[in-house]
Every structure is written in structure tokens, then in C-alpha cells.
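User: I am new to this structure and would like a close look at a single part of it. Could you walk me through it step by step?

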Amino acid sequence: MTTVDDEREGERLRQGALEALELDRLADTAYDDLTRAAADICGTPVALITLIDGDRQWFKSRIGVEALEIARELTFCAHAIQHPGEILVVEEDASADPRFASNPFVTGEAHIRFYAGAPLETSAGHPVGTLCLLDSKPPQDRS
């Protein structure tokens with residue numbers, strides 16, 4: 001059974017691992033090829049390499065998004081990093097998923113309906129971000 005103290009310690013270790021990578025700099029074009037390839041292969045208009053600290057998610061690489069960062073509490077990716085080694089896929093329309101139905105990126109102009117995110121982990125297994133794909137079309141309409 002995981003305790004609140006265990007969760008806090010895990011989050012502290014995760015954030016320390018992220019800081020040690022020193023990735024919080026301007027975008028690095030070396031990541032853009034991977035992001036572009038993911039969007040092309042999966043046929044989504046949005047692909048991101050994200051990094052998540054205690055308060056925000058920022059984009060190391062982005063296709064189809066103008067923003068550089070968003071608040072962590074609004075991110076789909078914050079859910080994805082809770083399950084290292086597992087890809088989080090919103091199986092139905094995100095507006096019908098209780099985790100995301102009231103999210104402003106679902107209810108607002110972005111109109112997100114599809115999300116798939118794979119946690120990016122350090123060699124020690126700390127999830128520090130995601131490679132994720134988003135679309136305004138729900139999964140059943142993406143075929």
C-alpha cells in the first residue's frame with residue numbers, strides 16, 4: 001500500500017531526476033524530427049515531447065501547438081506519468097472520459113478528443129515527461 005509520504009518522496013525523486021537532466025532550455029531541434037515522425041506515423045495534427053515539473057508542463061518539441069508550456073493540473077500528460085512503462089490512450093472521446101471531460105482543452109477551443117501519451121523515463125525509471133499525440137477527432141473517427 002502506497003502512503004502519502006511515499007507518493008511525496010516519489011515525486012521529489014522524479015523532479016530531482018528531471019532537474020538533473022538540465023532539459024529546461026530553449027527547444028532543441030534534434031527532438032523535432034522525432035516529434036514530426038510521431039505525428040506523421042500516427043496521423044495526428046499535434047505531437048509533443050513534454051517535460052513535467054511540480055507546477056507546469058513544458059514542450060521540448062512541439063508540432064501543432066503554439067504554447068511553450070501549460071499548468072500541470074491541466075495536462076493529460078500528468079496522468080500518463082503516473083503509470084511508468086504504460087502508454088495512456090484515451091479509448092473513447094475525451095469529452096466522455098471523467099478524467100478529462102471538464103478540462104479546458106477538451107471543452108474549449110482546442111477541442112481535444114484523442115490523446116495517447118508514452119511516459120519518458122530516466123535510466124533509473126523516473127518518468128519525467130511524455131511523447132504524446134493529440135487530435136480534435138475522437139478515436140473512432142480517426143480511422
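Analyst: Happy to help: here is a walk along one helix, followed by its surroundings.

This is a predicted model, in which local features need pLDDT of at least 70, side-chain atom pairs count only at pLDDT 80 or more, and totals for chains, interfaces and linings use all residues. Residues are numbered from 1 along each chain as its sequence is written, and side-chain values use heavy atoms, leaving out hydrogens and water.

Let's start with the setting. The protein chain has 4 helices and 6 strands; helices (H or I, at least four residues) and strands (E, at least two) are DSSP runs, numbered from the N terminus. Along the sequence they follow the pattern α-α-β-β-β-α-β-α-β-β. The radius of gyration of the protein chain, 15 Å, is close to the 15 Å that the globule rule gives for 143 residues, so the chain is as compact as a globular protein of that length. That radius is taken over C-alpha atoms, and the globule rule is 2.2 Å times the number of residues to the power 0.38. Of the 143 residues, 40% count as buried; buried means under 20% relative accessible area, exposed over 50%, and partly exposed in between (1.4 Å probe, protein chains only).

Now for the part I have picked: helix 2, which covers residues 29-42. Its 14 residues reach 20 Å from the first C-alpha to the last, close to the 20 Å expected at 1.5 Å a residue. The expected span is 1.5 Å times one less than the number of residues.

Which residues of helix 2 are buried? They are Asp32, Thr35, Ala38 and Ala39. These residues cover an arc of only 130° around the axis, which puts them on the same side of helix 2; the arc is that of the directions from the helix axis to the C-beta atoms. On the other side of helix 2, Ala30, Asp33, Asp40 and Ile41 are exposed.

What covers the buried residues of helix 2 includes strand 1, strand 2 and strand 6, where contact means heavy atoms within 4.5 Å. Strand 1 (46-52), strand 2 (56-63) and strand 6 (127-135) are also among what covers the buried residues of helix 1. Those residues of helix 1 are Arg14, Ala17 and Leu18. Seen down the axis of helix 1, they fall within an arc of 100°, so they line one face of the helix. The face turned away from them carries the exposed residues Asp5, Arg8, Arg12, Glu19 and Ala20.

Back at helix 2, have a look just past its end: Gly43 takes a positive phi of about 70° there. Gly43 is also one of the residues touched by Asp135, along with others including Thr44, Pro45 and Arg113.

Asp135 lies in strand 6 and, at 6% relative accessibility, counts as buried. Its side chain reaches the backbone nitrogen of Lys137 at 3.1 Å. Arg113, in turn, lies in the loop between helix 4 (104-107) and strand 5 (114-121), and its 10% relative accessibility makes it buried too. A polar contact of 3.3 Å joins the side chains of Arg113 and Asp93. Such a contact is a pair of N or O atoms within 3.5 Å; within protein, one must be able to donate a hydrogen and the other to accept it, and residues adjacent in sequence count only if both atoms are side-chain atoms.

Methods:
Lists of a residue's contacts leave out its neighbours within four places in sequence.
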